[in-house]
Amino acid sequence: MLVKDIMTVNVVTINQNQTLLELQGLMSDDNIRRVPVVNDAGMVVGIITDKDVRMASPSEASTLSRYEASYLLSRIKVKDVMTHNVKTVYNNADLADVASLMYQDQINSVPVLNEENNLCGIVTDTDVFRALVDIFGLGQHATRITIDASDKPGVLAEVAKMFADQGINILSCVTSGTKTPGEKEMTITADLSQSGMGIIEEIREAGFNVTNISTGRAK
């Protein structure tokens, strides 16, 4: 799955020379919390969040009137508050790449560029979570079977053949490492509504350890 498949394309931006008062109105009107910042040439030069605005705004304990607070925000430029070293990804990057970037850098949104280095979207942590829900098949009525398997060639094909022989369609298959060297955890999501749970016993008879079975649609 690529970034362009999950990103928000109609991204709202703000110029670096606009004020925090303008940004505050923009965020309120469009109900957004993160805004990429561009220069006069339209190039991404930063990103700013509602938290940045709150940090730069007078506190609720301030004796300033609403007019005075608004005047203060009208004197602060976006470029004075924004994050300058903004991380970006290209729209043809893999989902795993942007998820790794957001995890390692502890950020919750990333502007997306096209081949011409122009802004074409933004991807957020919510977009990544939604994509993972789709990958795991959590939005469907299905059964998820988690097994421990040896980390060696042919294991996935062996398990997949069991499902194919019974005419069961695999909706998704995800593997991850375990604490045991040479072992992988494999989670298979499949529709067993027409075939029953016999496939699980077959998996066990083949020597695999079934560690979890869950059925239904994720809430």
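1. The largest pocket. In this predicted model, the largest pocket holds about 260 Å³ of space. Its lining comprises 15 residues, and those closest to the pocket centre are Ile 47, Thr 49, Ile 107, Asn 108 and Ser 109. Two or more lining residues are contributed by each of strand 3, helix 2 (50-56) and strand 5 (109-113). Helix 2 supplies the largest share of the lining, namely three residues. Sorted by class, the lining of the largest pocket consists of six charged, five polar and four nonpolar residues.

2. Thr 49. This residue deserves separate comment. Thr 49 belongs to strand 3 and is among the residues closest to the centre of the largest pocket. Is Thr 49 buried or exposed? Its relative accessibility is 19%, and the cut-off for a buried residue is under 20%, so Thr 49 counts as buried. With neighbours within four places in sequence left aside, the contacts of Thr 49 are Met 27, Arg 33 and Arg 34. Of these contacts, Arg 34 is itself a buried residue of strand 2.

3. The sheet of strands 1, 2 and 3. These three strands form an open sheet in the order 1-2-3, with mixed pairing. Strand 1 and strand 3 occupy the edges and have a single partner strand each, so one side of each has no neighbour in the sheet. The parallel part of the pairing is between strand 1 (residues 14-15) and strand 2, over two bridges; here Asn 15 has Val 38 of strand 2 as its bridge partner. Strand 2 and strand 3 (residues 44-49) run antiparallel and are joined by five bridges. Within that pairing, Ile 48 of strand 3 stands opposite Val 35.

4. Strand 2 and its hairpin. How many residues of strand 2 (residues 34-38) are buried? Five of its five residues are buried. Both faces of the strand are covered: Arg 34, Pro 36 and Val 38 lie on one side, with Val 35 and Val 37 on the other. The hairpin formed by strand 2 and strand 3 has five residues between the strands, and Gly 42 in this hairpin adopts a positive phi near 85 degrees.

5. The sheet of strands 4, 5 and 6. A further three strands make up an open sheet in the order 4-5-6, again described as mixed in its pairing. Its edge strands are strand 4 (89-90) and strand 6 (119-124), each of which pairs on one side only. Strand 4 and strand 5 run parallel and are joined by two bridges. The bridge partner of Val 89 in strand 5 is Val 112. Strand 5 also contributes two or more residues to the lining of the largest pocket.

6. The nonpolar cores. Which residues have the most contacts inside the largest nonpolar core? They are Ile 145, Ile 147, Phe 163, Ile 199, Ile 203 and Phe 208, in a core of 17 residues. The elements giving two or more residues to this core are strand 7 (142-150), helix 6 (155-165), strand 9 (183-190) and helix 7 (198-205). Helix 6 gives the most, with four residues. A second, separate core has 15 residues, including Met 7, Leu 95, Val 98 and Ala 131.

7. Phe 163. The contacts of Phe 163 merit listing. Not counting residues up to four places away in sequence, Phe 163 touches Ile 145, Ile 168, Ile 170, Ile 188, Ala 190, Ile 199 and Ile 203. Among these, Ile 145, Ile 199 and Ile 203 are, like Phe 163, listed with the most contacts inside the largest nonpolar core.

8. Asp 191. The last point concerns a loop residue. Asp 191 is located in the loop between strand 9 and helix 7, two elements that give residues to the largest nonpolar core. At 36% relative accessibility, Asp 191 counts as partly exposed. Which residues does Asp 191 touch, not counting residues up to four places away in sequence? They are His 141, Ile 168, Asn 169 and Leu 171. Ile 168 is also touched by Phe 163. In addition, Asp 191 lies 48 residues from Thr 143 in sequence, while the C-alpha to C-alpha separation is 6.1 Å.

Definitions and conventions. Residues numbered from 1 in each chain as written. Predicted model: local features only at pLDDT ≥ 70, side-chain atom pairs only at ≥ 80, totals over all residues. Heavy atoms only, no water. Buried < 20%, exposed > 50% of the residue type's maximum accessible area, 1.4 Å probe, protein only. Pairing = 2+ DSSP bridges. Core = buried A, V, L, I, M, F, W, Y, C linked by side-chain atoms within 4.5 Å. Contact = heavy atoms within 4.5 Å. 1 Å grid on protein atoms, 1.4 Å probe; cavity = no way out; pocket = protein on both sides within 12 Å on 5 of 7 lines; lining within 4 Å. Points joined across faces, edges and corners; volume = space filled by probe spheres on them. Nonpolar A, V, L, I, M, F, W, Y, C, P; charged D, E, K, R; others polar.
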